[in-house]
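Reader: Please examine one part of this model closely and then set it in the context of the rest of the chain. I should like the cut-offs behind each term to be stated as they arise.

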Amino acid sequence: MLISETVFWKANSFPQKSTNYDSLKKQVYAEIKNKNYNNIVRLTKAMLSIDYTSLFAHKYLQQTYKILGDTTNRNKYHDIEFGLLYSITKSGDGKSCETGWHVIQIEEEYFILNMLGAELQSQSISSTDKNACDKMIVKTEEGETKTYFFEANKVFEMEQKMFDKK
């Protein structure tokens, strides 16, 4: 099974993650400030038990293991993080709704913008015959204004299913 197929398969459970996942994420930020590395590992692994595709959790796991001098685990979580990241950025060029980067969670959009060093200026929904996209206008670290598109069909489909259940 390809990573993108695995990610899509797992996407059905994401709506249940929000409360616990968000709480764990807040705790990770607090532990980072306090340099409690063992707690960062514990919390990010708990996040991965909820959503194993969390780029955030993989990033902080690999960075923490690097600090702790655990090269094996640092490499493992680095490779997973960048494998997931590349599966998104290789799905398009992000320059139009037709060629937008395919995401299955909004968190992925913000993670990528953060990795690019981009500051969000505005966000809107854009669509074509085939795609529904998040259009993100950002300011780069160099001060340029750029527009990135994230093809979010799966996100919108999951949201629609949640509304249909109500």
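Author: **From a loop to the sheet and the cavity**

Lys35 is found in the loop between helix 2 (18–34) and helix 3 (37–50); helices (H or I, at least four residues) and strands (E, at least two) are DSSP runs, numbered from the N terminus. The model is a predicted one, in which local features need pLDDT of at least 70 and side-chain atom pairs count only at pLDDT 80 or more, whereas totals for chains, interfaces and linings use all residues. Residues are numbered from 1 along each chain as its sequence is written, and side-chain values rest on heavy atoms, with hydrogens and water left out.

Although Lys35 is not a glycine, this residue has a positive phi of about 60°. Most residues other than glycine have a negative phi. Lys35 counts as exposed because its relative accessibility is 57%; the scale calls a residue buried under 20% relative accessible area, exposed over 50% and partly exposed in between (1.4 Å probe, protein chains only).

The chain around this loop has seven helices and four strands, which follow one another along the sequence in the pattern α-α-α-α-α-β-α-β-β-β-α. Of its 166 residues, 40% count as buried. The accessible surface of the chain is about 9,700 Å², and carbon and sulfur atoms hold 51% of that area, as obtained by the Shrake-Rupley method with a 1.4 Å probe. Among contacts (heavy atoms within 4.5 Å) with a separation of 6 or more, 48% link residues 24 or more positions apart.

Ile112 provides an example of such a link: Leu85 lies 27 residues away in sequence, yet the two C-alpha atoms are 7.8 Å apart in space. Ile112 is placed in helix 6 and counts as buried because its relative accessibility is 3%. With neighbours within four places in sequence set aside, Ile112 is in contact with Leu85, Ile88, Thr89, Trp101 and Phe150. Other buried residues of helix 6 include Glu107, Glu108, Glu109, Phe111 and Leu113. Just after helix 6, Gly117 takes a positive phi of about 70°.

The four strands form an open sheet with the order 1-4-3-2 and mixed pairing; strand 1 and strand 2 (119–127) are the edge strands, each pairing on one side only. Two strands are taken to pair if DSSP finds at least two bridges between them. Strand 1 (residues 101–102) and strand 4 (residues 145–151) run parallel and are joined by two bridges, with His102 opposite Glu151. Strand 3 (residues 132–139) runs antiparallel to strand 4, and seven bridges join them. Along this pair, Lys135 stands opposite Phe149 and Ile137 opposite Thr147. The two strands form a hairpin with five residues between them, and Gly143 in the turn has a positive phi of about 90°. On the other side of strand 3, eight bridges connect it with strand 2 in the antiparallel sense; Gln123 has Met136 as its bridge partner in strand 3. Strand 2 and strand 3 also form a hairpin, here with four residues between them.

Helix 6 returns in the description of the interior. The structure holds one cavity of 30 Å³ or more, a cavity being a set of points on a 1 Å grid over the protein atoms alone where a 1.4 Å probe fits but cannot get out. The largest cavity has a volume of about 40 Å³, that is, the space filled by probe spheres set on the points, which are joined across faces, edges and corners. Its lining (residues with an atom within 4 Å of a point) consists of Thr53, Ser54, Leu55, Phe56, Gln105, Glu107, Glu108 and Phe111. Helix 4 (55–68) and helix 6 (106–115) each supply at least two lining residues, and the largest share, three residues, comes from helix 6. By type, the lining residues divide into three nonpolar, three polar and two charged; Ala, Val, Leu, Ile, Met, Phe, Trp, Tyr, Cys and Pro count as nonpolar, Asp, Glu, Lys and Arg as charged, and the others, Gly among them, as polar. Glu107, Glu108 and Phe111 of this lining are also among the buried residues of helix 6.

Methods: 1 Å grid on protein atoms, 1.4 Å probe; cavity = no way out; pocket = protein on both sides within 12 Å on 5 of 7 lines; lining within 4 Å.
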